[in-house]
Structures are given as C-alpha cells and as structure tokens.
Amino acid sequence: MKQDKIQIQLHHAQTFKEPVLIGSNFERIPADSTQRFTQWHQSLSGEKLRTQRFREITLAHPTWFMHREVWERVGGYDESFPGCPEDMIFFYKWIELDGKISKVPETLTVYRWHKTATSYSIHRNRLMQVKVAHFEAMILSEVHEFTIWSVGRDGKKFFMSLSDASKNKVKAFCDVTKIGTDYMDHKNRRKIPIIHFSDATPIVAVCVALNRG
C-alpha cells in the first residue's frame, strides 16, 4: 500500500454526500503478470465502472476504501462456504442496494500475484453463477425477452448458468456463424434460433471476450 493511500481515498470520499465504495489503480508484482486483467482495470473510470461490472469486479478488492455504513448496509462478507467469492458478492450486493462506486485514478496499492493466491481456489463456475445472478437481478428481471450474442463456448456457458425463468426469455442467439440453425435447449425441449448479429435487437447480452487475439 502506498503511504498516502488512506489520506487520498478519504479526501475523495469526502467529495460525496453519501457513502461510496472507492477503489484505485494498482501496481502489479511481478510487473508482467496478468497483463490483460491489469490493463483492463487501469483503463476503467466513470460510467465504465458500472457498465463493465458483469465481466468482473471493476474495483480491485485490495484497493477498496469504504465508510462503515457501506459495510453495515451490505452485511459484511459472505463466508458461508470454502471458496466463496466474498468480494464479488459484496460488490454486487452494494450495487443492488443502489450504492455508489468510484475510483481514484492513481496507483495507490501494490497488488502481488502468486500461484497460491486464495483467488485461484474459487472455481470459475462459482464466479459465473454469482455474475449471472447479479445480471438477472439488475437487468433480466426488467425485460420479457433478450438475445445472447455468441453461440460459442461463452454464450452457451452463460445460457446454462441462467435460471429456468431467464432461459425462457432468450428469444435468439446471434453470431457470425451457424446462421439459420437452432440451439437446442434440451432441458426445456425448446429450439432457439441463431441469427446474424446485425439482425439482433435490444436487449442483447454480449458474451464475447474483450481484447482476445
């Protein structure tokens, strides 16, 4: 942690009239570890902190600074089982409570990467379940139908993680391949058409990885 981290984030918090969950940029050690993750985090600011949260937590956990009221309103960390993604659950609960988030665009935290980090004990399927549950609560609960962009691995995994109620709202998959065919939802015995992405209409859940080349 940088020596003046608390002072800088406290000053930032005092510019708001309400409790805010605040993060910052970070220095990654080793410098060449998790480069895409680090670059993505450092690029986020303003509205992107909210709009890109379905991909991953947009405020890296080690950078957090919060008023006690934030902690109390959320109810603290969920540590109900081993491998529980307590930071992600906390972050999403705070947003579901209409909580505000912000970020100091300065490097205030040293974030070390190592192979035995607790983060790697959390199964990716568990992370997907938490992300999808938040997406359902915040987005899908307000719509009657939507399209999934990607009939590949990520789109199918997203679909399989949905509740039955949300699966029934999927009107189509869209992509650049397999156009005119169907995706078979075997559990509900339903064929879902695959259309070209240019024919998709809102709302569209984009399940395509960023910056993957």
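Begin by selecting W64, W71, Y77, F90, F91 and Y92, which in this predicted model form one aromatic cluster.

Within that selection, keep W71 and F90 on display and hide the rest for a moment. These two rings make a tilted aromatic pair, with 5.7 Å from centre to centre and 35° between the planes. Colouring by secondary structure shows what the contact links: W71 belongs to helix α4 (residues 68-74), F90 belongs to helix α5 (residues 86-96), and the two residues are 19 apart along the chain. If you then switch on a surface, the partners can be compared by their accessibility, since W71 has 37% relative accessibility and therefore counts as partly exposed, whereas F90, with a relative accessible area of 1%, is buried.

Next, select F159 and F173, another tilted aromatic pair, whose centres are 5.8 Å apart and whose planes meet at 55°. Because F159 sits in helix α7 (residues 153-161) and F173 in strand β4 (residues 170-175), this pair ties together parts that are 14 residues apart in sequence. Here the surface view will show F159 as buried, at 0% relative accessible area, and F173 is likewise buried, also at 0%.

Both stops belong to a longer list, for the count of aromatic pairs in the model comes to 14.

For the last part of the tour, turn to arginine side chains placed over rings. Select R28 together with Y111, and you will find R28 over the face of the Y111 ring, 4.1 Å from the ring centre. Then move to R55 and W40, where R55 lies over the face of W40 at 4.8 Å from the ring centre.

How values were computed:
Residues are numbered from 1 along each chain as its sequence is written. This is a predicted model: local features need pLDDT of at least 70, side-chain atom pairs count only at pLDDT 80 or more; totals for chains, interfaces and linings use all residues. Side-chain values use heavy atoms; hydrogens and water are left out. Rings of Phe, Tyr and Trp (its six-membered ring) pair if their centres lie within 6.5 Å; planes under 30 degrees apart count as stacked, over 60 as edge-to-face and the rest as tilted. Helices (H or I, at least four residues) and strands (E, at least two) are DSSP runs, numbered from the N terminus. Buried means under 20% relative accessible area, exposed over 50%, partly exposed in between (1.4 Å probe, protein chains only). A charge sits over a ring if NZ of Lys or CZ of Arg is within 6 Å of the ring centre and within 35 degrees of the ring normal.
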